[in-house]
Amino acid sequence: MRRIETIRKIADLGIVAVVRTESKEQGIKIVDAIKNGGIKAIEITMTVPGALDIINEISETYKNEDILIGAGTVLDPESARACMLAGAQYIISPNLNIETLKICNRYRIPSFPGVMTVKEALEAMEYGAEILKLFPGSAFGPSIIKAFKGPLPYANFMPTGGVDIDNVKDWFEAGAVAIATGSNLTKGAKSGNYELVTETAKKFVEEVAKYKK
């Protein structure tokens with residue numbers, strides 16, 4: 001049931017925060033700032049130095065809180081399994097890797113693979129993906145979801161890449177089940193302004209809430 005509950009919760013929340021940073025210390029500060037802003041689904045990308053340590057630490061820190069910690073930029077099943085053992089509750093990939101989907105299904109962990117064609121989307125769904133990461137979303141914009149929804153009206157898409165406050169409305173009106181945002185959310189961290197990260201998170205939560213009732 002945990003897998004189903006995680007998928008349902010991300011769909012209900014409507015937003016995943018993507019954390020890419022240059023150090024473990026900064027990554028933890030960003031996570032805290034995002035959490036303080038009200039975003040409850042946080043993705044730590046495997047490109048972050050010490051990503052597994054961050055996932056393990058924040059999973060332990062927030063184990064009694066209503067926070068979903070996931071791993072992103074997971075390219076293969078070996079990395080996926082390492083993330084699960086570190087405490088990741090869901091796996092997000094920029095690509096479609098069938099073996100990653102298989103291992104996630106085996107251990108009942110949600111996997112959100114990256115797709116950009118109908119062929120990839122359909123194949124991912126056939127291997128159990130409930131939410132498809134549309135990446136890079138900036139390549140085509142919200143209209144790509146409407147195009148996908150023609151042959152695949154039952155598919156659930158979560159765009160990543162190019163999602164900002166100003167186009168949240170467009171993505172949801174196009175049919176997105178959720179959005180994922182990274183640099184547009186965490187840019188304040190580059191100058192050490194974690195309060196800005198928190199304030200930006202609050203704005204995203206307020207905007208997404210308009211479409212998640």
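# Close-up views of a predicted model

**View 1. Strand β1 and the two ways its side chains point.** Ile 15, Ala 17 and Val 19 point one way from β1, while Val 16 and Val 18 point the other way, and all of them are buried. This close-up, like the others here, comes from a predicted model. Strand β1 spans residues 15–19 and is mostly covered, with five of its five residues buried.

**View 2. Strand β1 with its partners β9 and β2.** Let us stay with β1 and look at its pairing. Three bridges link β1 to strand β9 (residues 179–181), and these two strands run parallel. Within β9, Thr 181 is the bridge partner of Ala 17. Three bridges also link β1 to strand β2 (residues 41–45), again in a parallel run. Here Ala 17 stands opposite Ile 42 of β2, and Val 18 stands opposite Glu 43 of β2. As general background, the strands of a sheet pair through backbone hydrogen bonds, either parallel or antiparallel.

**View 3. Strand β2 and its surroundings.** Why is β2 described as largely enclosed by the rest of the structure? Five of the five residues of β2 are buried, so the description follows from that count. Ala 41, Glu 43 and Thr 45 point one way from β2, whereas Ile 42 and Ile 44 point the other way. Readers who expect charged side chains outside may like to pause at Glu 43, which is among the buried residues of this strand.

**View 4. Helix α2 passing helix α3.** In general, two packed helices are described by the angle between their axes and the distance between the axes. The axes of helix α2 (residues 24–36) and helix α3 (residues 51–61) come within 10 Å and cross at roughly 40 degrees. That crossing makes α2 oblique to α3, and α2 passes α3 in a right-handed sense. Which residues meet in this contact? From α2 come Lys 24, Gly 27, Ile 28 and Val 31, and from α3 come Asp 53, Ile 54, Glu 57 and Ile 58. By character, the residues of this contact of α2 with α3 divide into four nonpolar, one polar and three charged.

**View 5. Thr 186 in helix α9.** Zooming in on a single residue, we find Thr 186 in helix α9 (residues 183–186). Is Thr 186 buried or exposed? Its relative accessibility is 9%, so Thr 186 counts as buried. With neighbours within four places in sequence left aside, Thr 186 is in contact with Val 18, Ile 30, Ile 34 and Val 197. Val 18 is a familiar name from the first view, where it is one of the buried residues of β1.

**View 6. Gly 87 in a loop.** Gly 87 sits in the loop between α4 (77–86) and β4 (91–92). Its relative accessible area is 27%, so Gly 87 is partly exposed. Not counting residues up to four places away in sequence, Gly 87 touches Ile 55, Ser 59 and Ile 69. Its C-alpha atom is separated by 14 Å from that of Val 74, 13 residues apart along the chain.

**View 7. The open sheet β6-β7-β8.** Three strands form this open sheet in the order β6-β7-β8, with parallel pairing. Its edge strands are β6 (114–115) and β8 (157–159), each pairing on one side only. Two bridges connect β6 and strand β7 (residues 132–134) in the parallel sense. In β7, Leu 134 is the bridge partner of Val 115.

Methods. Residues are numbered from 1 along each chain as its sequence is written. This is a predicted model: local features need pLDDT of at least 70, side-chain atom pairs count only at pLDDT 80 or more; totals for chains, interfaces and linings use all residues. Side-chain values use heavy atoms; hydrogens and water are left out. Axes are lines fitted to C-alpha atoms, for helices over the stretch in contact, and angles run from 0 to 180 degrees between N-to-C directions. Helices (H or I, at least four residues) and strands (E, at least two) are DSSP runs, numbered from the N terminus. Angles under 35 degrees count as roughly parallel, over 145 as roughly antiparallel, 65 to 115 as roughly perpendicular and the rest as oblique. A crossing is left-handed if the near helix is turned anticlockwise from the far one by less than a right angle, and right-handed if clockwise. Contact means heavy atoms within 4.5 Å. Ala, Val, Leu, Ile, Met, Phe, Trp, Tyr, Cys and Pro count as nonpolar, Asp, Glu, Lys and Arg as charged, and the others, Gly among them, as polar. Buried means under 20% relative accessible area, exposed over 50%, partly exposed in between (1.4 Å probe, protein chains only). Two strands pair if DSSP finds at least two bridges between them.
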